[in-house]
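The following exercises are to be worked with the sequence and the structure at hand. Each task is followed by a solution in steps.

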Amino acid sequence: MIGDDTIGILLIVLAGGAYRQTALARLQRCAVLEKSLEITTAFRFKQVMIAGFSRHLVAFTGAAILVLSPSAGQAEDGNPLRGLHLPDISGYAPPHGGTSLAQQGGEVTLAAKLTDQGSDINRGLIWRVFRPEPGPDGTLPLVASAQGGTSIFHLEPGSYLVHASFGRAGATKRITVSAQAKHENIVLDAGGLKLDATLAGGVRIPPKKLRFSIYEATPEADGDRALIIPDVSPNTIVRLNAGIYHVVSTYGSVNAVIRSDIRVEAGKLTEATVEHRAAEVTLKLVREEGGEAMADTSWSVLTTAGDPVRESVGAFATMVLAEGDYTIVAKNRDRIYQRDFTVVGGRNQDVEVIANEATAEDPNDGAD
């Protein structure tokens, strides 16, 4: 219990003076004793003690008012809380009740099929969801996207354009999203195309020398066809919308080209194999039959009509040529040699040009 001497100490502290530090120390010891007494004393006795302290506090307050001097007020200028202004409760916005700050979106599940009666595609799809109104740049704003199979989107209620792509096949559908969950199906009306090529007699062509390009079947106004997919490797499955396509098969890099129109059916894999009538030839200039090839030789391959087919430089010139008749022109050290030869489909061969007077031509022939 706080006694009269404790109140005296408090009065001395407020009044200040030489005994201030000593009084404060005594006050701290009293506070420690009082705390220990509160912990070890029964709850009822604590109430009595608090009531007694309250009576002394009233008397202490009155005394403090009488003895407080201006010098004590000046000592409080170092208080870190002085000058701090806190807003009152009216400075805050009242809470909103009942309404969520974020608008709840609708759930929509998107699934795609190759045909109307087919099963859902479970992988390889790319989904893109657009707003139907063009943005400032003139394009449709992309809202969401996903990859895989069937996908779930949470969108704000409204109208959207959904595009599903499966390889080179694709379809677009307008959907409306509401607060209620819904399921949307998109039918791609698509199939697959697998391409390959052989030589005459079913001889396989090395895959590294064979490529395909797929075009639109209908030519444009200038007669050219729109290219859909270039540089397709053999035996690769290409997913396309159902329809007819113009396929160009190239063996090598010169003139062994086969063109064909192929129909792709929805929900089916179309396998097409074309036959090239071509062969790989290796040209070399020798001084005698079976001799060593002469270096620094320039080669020109011409059709029988004189149209250039291919040019190259080196001791050997290897190329794939379509079946037919050709003329070889070889130039070495200002001497020109010439020979006619025939390419037979599927029959690879070495073609030698003999560097002798019988095959030589004067480079000035035909000059003015």
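**Exercise 1.** Determine whether glutamate 184 is buried or exposed, and identify its salt-bridge partner in this predicted model.

*Solution.* Step 1: the relative accessibility of glutamate 184 is 12%. Because the cut-off for a buried residue is under 20%, glutamate 184 counts as buried.
Step 2: glutamate 184 forms a salt bridge with lysine 173, and the closest N and O atoms are 2.9 Å apart.
Step 3: the pair links distant parts of the chain, with lysine 173 in strand 6 (residues 169-177) and glutamate 184 in strand 7 (residues 182-187), 11 residues apart.
Step 4: lysine 173, with a relative accessible area of 28%, is partly exposed.
Step 5: a network of salt bridges links Lys173, Lys182 and Glu184.

**Exercise 2.** Locate the salt bridges of glutamate 280 and arginine 277, and place each partner in the chain.

*Solution.* Step 1: a search of the whole structure yields nine salt bridges.
Step 2: in one of them, glutamate 280 pairs with lysine 209, the closest N and O atoms being 2.3 Å apart. Glutamate 280 lies in strand 15, whereas lysine 209 lies in the loop between strand 8 (190-199) and strand 9, 71 residues apart. Lysine 209 is partly exposed at a relative accessible area of 34%.
Step 3: arginine 277 forms a salt bridge with glutamate 323, with 3.2 Å between the closest N and O atoms. Arginine 277 belongs to the loop between strand 14 (269-276) and strand 15, and glutamate 323 to the loop between strand 18 and strand 19 (324-332), 46 residues apart.
Step 4: arginine 277 is partly exposed at 44% relative accessibility, and glutamate 323 is partly exposed at 36%.

**Exercise 3.** Describe the open sheet that contains strand 15.

*Solution.* Step 1: the sheet has three strands in the order 18-15-21, with mixed pairing.
Step 2: its edge strands are strand 18 (316-322) and strand 21 (349-354), each of which pairs on one side only.
Step 3: from one strand to the next, the twist averages 30°.
Step 4: strand 15 (residues 278-286) and strand 21 run parallel and are joined by six bridges. Within strand 21, glutamine 349 stands opposite valine 281.

**Exercise 4.** Establish how strand 12 is paired and how far it is covered.

*Solution.* Step 1: strand 12 (residues 243-251) is mostly covered, seven of its nine residues being buried.
Step 2: strand 9 (residues 210-216) pairs with strand 12 in the antiparallel sense over seven bridges. Tyrosine 215 stands opposite histidine 246 of strand 12.
Step 3: strand 13 (residues 256-264) also pairs with strand 12 in the antiparallel sense, over nine bridges. Isoleucine 258 in strand 13 is the bridge partner of serine 249.
Step 4: the hairpin of strand 12 and strand 13 has four residues between the strands, and glycine 252 takes a positive phi near 80° there.

**Exercise 5.** State where proline 234 is found and which residues it touches.

*Solution.* Step 1: proline 234 is in the loop between strand 10 (227-232) and strand 11 (237-241).
Step 2: proline 234 is buried, at a relative accessible area of 13%.
Step 3: not counting residues up to four places away in sequence, proline 234 touches Leu195, Asp196, Pro207, Leu210, Arg211 and Phe212. The C-alpha atoms of proline 234 and leucine 210 are 6.9 Å apart, although 24 residues separate them along the chain.

Notes. Residues numbered from 1 in each chain as written. Predicted model: local features only at pLDDT ≥ 70, side-chain atom pairs only at ≥ 80, totals over all residues. Heavy atoms only, no water. Pairing = 2+ DSSP bridges. Helix = DSSP H or I, 4+ residues; strand = E, 2+ residues; numbered from the N terminus. Axes fitted to C-alpha atoms, helices over the stretch in contact; angles between N-to-C directions. Buried < 20%, exposed > 50% of the residue type's maximum accessible area, 1.4 Å probe, protein only. Contact = heavy atoms within 4.5 Å. Salt bridge = Lys/Arg side-chain N within 4 Å of Asp/Glu carboxyl O.
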